[in-house]
Amino acid sequence: MRWMYGQLLLGHIDDVKLFDLATQRLITRKVVLPAASTLATLVTRVRQRTSLRVFEALSRRLSEDQAQRLEALLVVPDGKYKSPLDTLRESPAAWTVTDLYAGLERLKALRTLGVGQLDLSDISSQKRSALSQEGMTLWADTLAKSGVTRRRATLLAWAQYIERQAMDDVLTVFDRYLKGLELRGLEKHRKVRLRGLKDLDRAAKVLSRAVKMLLEWPEGKRNARRAILKQLEESRLKAAVERVDALTHEEVDFPVAWSYAQKQVARFLPQFLEAIPFEGTPSVAGLLEAITFLKSAELGSLEFKDAPKAFMSPVWQARVFPQDGEVVQDTYLLVVAIHIQMQLKRRELYVSSSHRHQDPRTGLLEGAEWEQQRLNVCRLLGRSTDGKAELEALSKTLDTAYHTVLEGLPTNTALKLVQRKGHTVAVLKPLPAQPSSPGLKFLQREMSRRLPFIELSDLLLEINSYTGFAKAFIRTDEVRDPRHDVPELELSVCAVSWTKRHLAGLSALLAQACNLSLRAVARPDIPALTLEHLHFVQQNYIRHDTLTAANSKLVEAHAGLPLVHHWGTGDMASADGMRFVVSVKSLYSGYNRKYFGIGRGVTLFSFTSDQFSGFWGQVVPGTMRDSLNILHGVLSQNTVLEPKTYTSDTASYSDTIFGLFHLLGLQFAPRIADMGSTRYWRMDRDSDYGALQDLARNKVNTALIAEHWDASRPARCRSAQDDLLRLAGSLKLGVVAAPDILKTLTRGGSLTGLGRAVEELGRIAKTLHLLSYLSDEGYRRAIQIQLNRGESRQGVGRAVYHGQKGELRHRYQEGLENQLSALGLVVNAIVLWNARYMQAILDWLEGIGEDFEDGDLARLSPLKYAHINMIGRYHFTLPDDVRLGAMRPLRDPDTLELYERLEAAA
């Protein structure tokens, strides 16, 4: 009992998983198992008591006044159509100054609730996160009808979450609004210069004549100035000089472009500074002084001549303080705003009450906690605490890799060493296409001809019958009896009610994945599919965590099929992005003319395994530029797959990313577009690599790596003790998120000592990858095949996501993530359904005497959808035998079924 309480208090664990863990624990302790119904009842009772304990612990933190303010959020005011709760949930939708003011007002309203500073650290972060997500999704009247303690606990967790989220939203709008001002300023400056070109030409001609006369004046002859002024009037020359000075600037005159934004920034900055409690590292002390100075009194009463100015560059100082005692106030405010934007990006300025902009100096394991975890981390990652031993092993591996390339040069027809700008450069020929064998062509033809036709809605029902993935769709507060998963109870009354709920869930899931309205899948004659019920299910059950749990079930089922193991072992995965235009104003979308035209969009960044299944997804505004998202996905995914090698397009890979992957015992293997400009590194300066000697001209700083690795070092290095292992352990154990790790590795836009050590380690890992890429055609082809699989999977996704021109219509991040997660789940269901029936076709062909090569089986693909009807009315019907586990009959290509289907579709 106590163990189960501990498991539930530490995290948001599903009842079925707790049931399985409890069973395993009893078995390992050789305890005679109670009946399944007894254990299930115990799990349910413990869940209820644990939830009640958490609700009471949270609600007790609230004073009666705070509780009343929170509960007032659920009441719709007279003359309004939505509650204050719904209003406060809404993030700014654009990057305008109006949205910035609205964001500040929202932040102010949330602070008046007075609960942001309550200490909830004794409640697990997963519990708080689950409750806050419930507060974000449930209708206000649904919350109002729940019990008092539960309602207050949910509202408290939600209020703390949304206050931090509101802070992030304000800072995001501020950053993007300033970017817009900068771009508009540059455009205005360009237009002003274009309009003045004629005047500039005339002035330049006058000055040109004066200079020519001066140059042609005979040497030794006096009065050149008088002669020039006689022909060209002095006033005319002065006017020409002034005109040239006014219309010409340095190549990049940053302050001039910003000068158009002074008035706009001066209007909102005082209110912005008053609302945001900035803190910073010692390097931004001058900027913090300026912020404090501006907040100290009303702007009209400030003595700007005493304003701090040490934080700004001499160029800016010349514009803000043109003369002694004179200050251009609007320009001063502009400079402060620009520096705030810049230092937030550099992580030198931070806001503690924010999710994304917290203190960069916190996060890694430290002190006694790290001492306790060090050996566990080393075992988990397969790393030694002895940096010298690690570097010696790496040196031998790198030396072997260089000699492997060198020895294979005579027979490696794809690789050429050429000279460019005095240095050796490696050039690779493109991989030749693999020819298709007769056996592969026969297999592909038979698969296409014999896969049964099916409606997408029926496919989801069949896959749910096979895997039970819809059981992952539960409410945050729902207590699920593990006995519901026992087959003999499927026909009970309770199971029937679950089936109806699952049917509604699958219908809502289909609508999200196909980008359709719920009205398109609603059925007024079926109680589970009425429009009202579908809205309820979508609000309460279809969310990111349940979609992720359901997807894990599909991935696990897919990995268990025999045919799948011909495609891959699950050791490799590719990362790629699928772009979507967002046709409404959204703070979480970005510009990219190549993919979104003149509009804005997002990228669904996801992984595809070498078994074709998709796992983990993240929505990125605009297009992905940061390869840290790859590492974040690696550490966040929770399926049965554990790939060790991750490939991608070139993207924005860096030596630091290679180093982080290596520390975690993983291999980063991107397809680098420009191999010729890539630098190769060596560890031993004295090694002789023959024809590759100049290619390996760069030396890794191994002393810096050792300095940040070893536990026993000279006293001068103690501050960096175990930093590399501590960093890897913090990432692996989830103490710090991958996208936030640059806060630890950078200061002032430059890498810290630890950051440089990771970079040096990454140079070794990158060189090993490059040398394998040069010498091993199989390695290159495996990377290419895996990237092709990811791109082909996007084609299936596009076919599914056909509604509303394939454009997203959600303004907020939760809606974007839920819809695209639903799309990934449905694509995985298609892949699994195809793989099952391809296995059935293969078994049938082998039963009639056909024999196939493993190489041909490995080149089959389940990414087919021509036999799936995704457009039209959705019936959600399933034959009884299929519901009970049977499979549909394979299609006979000699019948008229295909033509009848085509005629019906026409």
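The exercises below, each with a worked solution, go through one predicted model.

Residues are numbered from 1 along each chain as its sequence is written, and side-chain values use heavy atoms, with hydrogens and water left out. Because the model is predicted, local features need pLDDT of at least 70 and side-chain atom pairs count only at pLDDT 80 or more, while totals for chains, interfaces and linings use all residues.

**Exercise 1. Describe the chain as a whole: how many helices and strands are there, and what share of the residues is buried?**

Solution. Begin with the secondary structure, which comes to 37 helices and 16 strands; helices (H or I, at least four residues) and strands (E, at least two) are DSSP runs, numbered from the N terminus. Next, take burial, where buried means under 20% relative accessible area, exposed over 50%, and partly exposed in between, with a 1.4 Å probe and protein chains only. Of the 906 residues in the chain, 50% are buried. The exposed area of the chain is about 43400 Å², of which carbon and sulfur atoms supply 52%; accessible areas come from the Shrake-Rupley method with a 1.4 Å probe, and for residues only the protein chains shown count as cover. Finally, consider contacts, meaning heavy atoms within 4.5 Å: among those between residues at least 6 apart in sequence, 74% join residues at least 24 apart.

**Exercise 2. Follow helix H30 and the residues after it: which residues of H30 are buried?**

Solution. H30 covers residues 723-732, and 9 of its 10 residues are buried. These are Asp723, Leu724, Leu725, Arg726, Leu727, Ala728, Gly729, Ser730 and Leu731. After H30 comes glycine 734, with a positive phi near 75 degrees. Valine 735 then lies in the loop between H30 and helix H31 (742-745), and with a relative accessible area of 37% valine 735 is partly exposed. Together with Leu380 and Leu733, Val735 makes a nonpolar surface patch of about 250 Å²; patches are made of residues with over 30% relative accessible area and no salt bridge, like charges being joined within 9 Å and nonpolar side chains (Val, Leu, Ile, Met, Phe, Trp, Tyr) within 5 Å.

**Exercise 3. Examine arginine 789: which side chain of opposite charge is nearest, and how far away is it?**

Solution. First place arginine 789 in helix H33 (residues 777-800). Arginine 789 is buried yet has no salt bridge, and the nearest side chain of opposite charge is aspartate 610, 5.5 Å away. A salt bridge is a side-chain nitrogen of Lys or Arg within 4 Å of a carboxyl oxygen of Asp or Glu, and in counting charges Lys and Arg are positive and Asp and Glu negative, with His and the chain ends not counted. Not counting residues up to four places away in sequence, arginine 789 touches Trp567, Thr608, Asp610, Phe612, Ala858 and Leu863.

**Exercise 4. Compare two residues of the loop between H33 and H34: are glutamine 804 and lysine 805 buried, partly exposed or exposed?**

Solution. Glutamine 804 is found in this loop, as is lysine 805. Most residues other than glycine have a negative phi. Glutamine 804, however, has a positive phi near 50 degrees, and lysine 805 has a positive phi of about 60 degrees. Glutamine 804 is partly exposed because its relative accessible area is 34%, whereas lysine 805, at 73%, is exposed.
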